[in-house]
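Hello,

Here is the structure I promised to hand over. Please have a look at it first, and then read on for what turned up in it.

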Amino acid sequence: MITLTYQYKLKPTRHQEAEINHILDVCKSVYNYALRERKDWLSSRKSPINSCSIISEYIIPADTSYPNYNYQAKNLTIAKKTNPRLKSVNAQVLQQTLKTLDRAFSEMKSLGKGFPRFKKKMRSFVFPAMLKNCLGNNRIKLPQLGWIKIKQSRPYPDGFQAKQARIVRKASGYYLMITFFSSESVPENPIGKRSLGIDAGIESFVATSTGKLIKSPKFLLSSLRELKLLQRRLKKKTRGSNNWLKLQNKIARLHEKIANTRRDWHFKLAHQLCDFTDNIFVEDINFKSWSRGIVRKQSNDSGIGQFINEILPYVCWKRGKYYAKVDKNYTSQECPLCGHIQKKKLSDRKHNCSSCGYQLNRDVAAAKVIRKRGLIAVGHTVKEKRTACPEVPERVKTEQESLWRWSDGGTTQLV
């Protein structure tokens, strides 16, 4: 089974745009009402038996069942008979809103996430079922909205069926995310001959086992001057005024532009890495902890977690490359040549093995260790032969383009 999601920009008419905003407003009301109902039920069970709560709250009978999704969906059907505002929106869209809330409570318990919050704005809604023959050239047919124009930046995938559609409101306009489904089964990508280890660095974005250090463009810092200027101007405006709303939209468009630039660079880098290898191995790192550490600003600006966990695996799957994660423990402390463990401080940016005397950049050495662990995990034995002159850059020119490749300081033999 294959599932693909394509994003297209919408070109709605004024009537369709007003209808989309109306659906978003009703979904927000349903979400907040259902959340309030659940919070009231939980609050009524927290008060001790021998004392009353200082905060006023609803008195809910003890035999009232917990308002789960089935309970709230049944009450929603009853409320639609007397409430014309709820009746004006597709029933499946409102049910998906209740499922979103139910999923938030499930993730709060299973994944330890925070308690769901009330929404000031609803940014998206889902049509879980598509109409027949809904796909057309530069347009698509959606329930309740009818035929709506889109900017078809790429053709629809062949052999796939449109399963559901999500409309997202962003600062730059409205976007349509179509999920395509195919029942064909795709086997896992086979293990190839050429392998590459990738280490998430501090000074550089990533370091490869071939010795290449790739630095990330400073996406946010390059636009920080303009962003600070807009935020200073926003502070002087009256909150809620038209000029205040215009500046808010301008700031949001700037943030969206930064995010789009970062994501585009990530995809291009992932394709470049896949051009010269068959297997890619990375560390199994919790990048959420990185965002709270001393390198939080650099990691959030570069988007290293998005690249390693989302974009690179997708590009490897699409290109037929093997992708795997290895143990992250002591990758920067282990010598890639002899395997000796040598403690290093974070300020030590050079690997200098006290056992064999092997010297190398710390991030490149960690990438070599990641590559070696990945090959061992897939059933290969790696032998490293040291040469007399490591880290020598050599120019390699192909028919299509010229790129820099760094010799890995030795030859690698797969047994």
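Let me begin with a helix contact. R262, R263, H266, F267, L269, A270, H271, L273, C274 and D275 in α7 meet Q306, F307, I311, L312, Y314, V315, C316 and R319 in α10, where contact means heavy atoms within 4.5 Å. Sorted by class, this contact of α7 with α10 holds eleven nonpolar, three polar and four charged residues. For the classes, Ala, Val, Leu, Ile, Met, Phe, Trp, Tyr, Cys and Pro count as nonpolar, Asp, Glu, Lys and Arg as charged, and the others, Gly among them, as polar.

Before going further, a word on the source: this is a predicted model, in which local features need pLDDT of at least 70 and side-chain atom pairs count only at pLDDT 80 or more, while totals for chains, interfaces and linings use all residues. Residues are numbered from 1 along each chain as its sequence is written, and side-chain values use heavy atoms, with hydrogens and water left out. Helices (H or I, at least four residues) and strands (E, at least two) are DSSP runs, numbered from the N terminus.

Back to the same two helices. Helix α7 covers residues 242-275, and its axis lies 9 Å from that of α10, at an angle of about 50°. Axes here are lines fitted to C-alpha atoms, for helices over the stretch in contact, and angles run from 0 to 180 degrees between N-to-C directions. α7 and α10 are therefore oblique to each other; angles under 35 degrees count as roughly parallel, over 145 as roughly antiparallel, 65 to 115 as roughly perpendicular and the rest as oblique. The crossing of α7 past α10 is right-handed (a crossing is left-handed if the near helix is turned anticlockwise from the far one by less than a right angle, and right-handed if clockwise).

α7 also packs against helix α6 (residues 224-235), at about 160° and with the axes 10 Å apart. These two helices are therefore roughly antiparallel, and their crossing is left-handed. From α6, the residues E226, L227, L230, Q231, R233 and L234 meet W244, L247, Q248, K250, I251, L254 and H255 of α7. Seven nonpolar, three polar and three charged residues make up this contact of α6 with α7.

Now for the sheets. One is an open sheet of five strands with mixed pairing, in the order β10-β9-β8-β11-β12; two strands pair if DSSP finds at least two bridges between them. Its edge strands, β10 (213-214) and β12 (322-326), each pair on one side only. Within this sheet, β8 (residues 195-200) and β11 (residues 279-283) run parallel and are joined by four bridges, and G197 has F281 in β11 as its bridge partner. Helix α10 (residues 304-319) lies across β8, β9 (206-208), β11 and β12, running at about 145° to β12.

The other open sheet has seven strands with antiparallel pairing, ordered β2-β6-β7-β1-β5-β4-β3. β2 (124-127) and β3 (135-136) are at the edges with a single partner strand each, so one side of each is left without a neighbour in the sheet. Four bridges link β2 to β6 in an antiparallel run, with V126 opposite R166 in β6. Helix α1 lies across β1, β2, β5, β6 and β7 (173-182), at about 100° to β2.

α1 (residues 14-44) has a helix partner too: α2 (residues 69-79) packs with it at about 130°, the axes being 12 Å apart. The two are therefore oblique, and α1 passes α2 in a right-handed crossing. A34, E37 and R38 of α1 meet Y69, Y71, Q72 and N75 of α2, a contact that divides into three nonpolar, two polar and two charged residues.

Finally, the rings: the whole structure contains 13 aromatic pairs. One of them joins Y8 and Y156 edge-to-face, 5.8 Å centre to centre and with 75° between the planes. Rings of Phe, Tyr and Trp (its six-membered ring) pair if their centres lie within 6.5 Å; planes under 30 degrees apart count as stacked, over 60 as edge-to-face and the rest as tilted. Y8 lies in strand β1 (residues 2-11) and Y156 in the loop between β5 (146-151) and β6 (161-170), so the pair ties together parts that are 148 residues apart in sequence.

Enjoy exploring, and best wishes!
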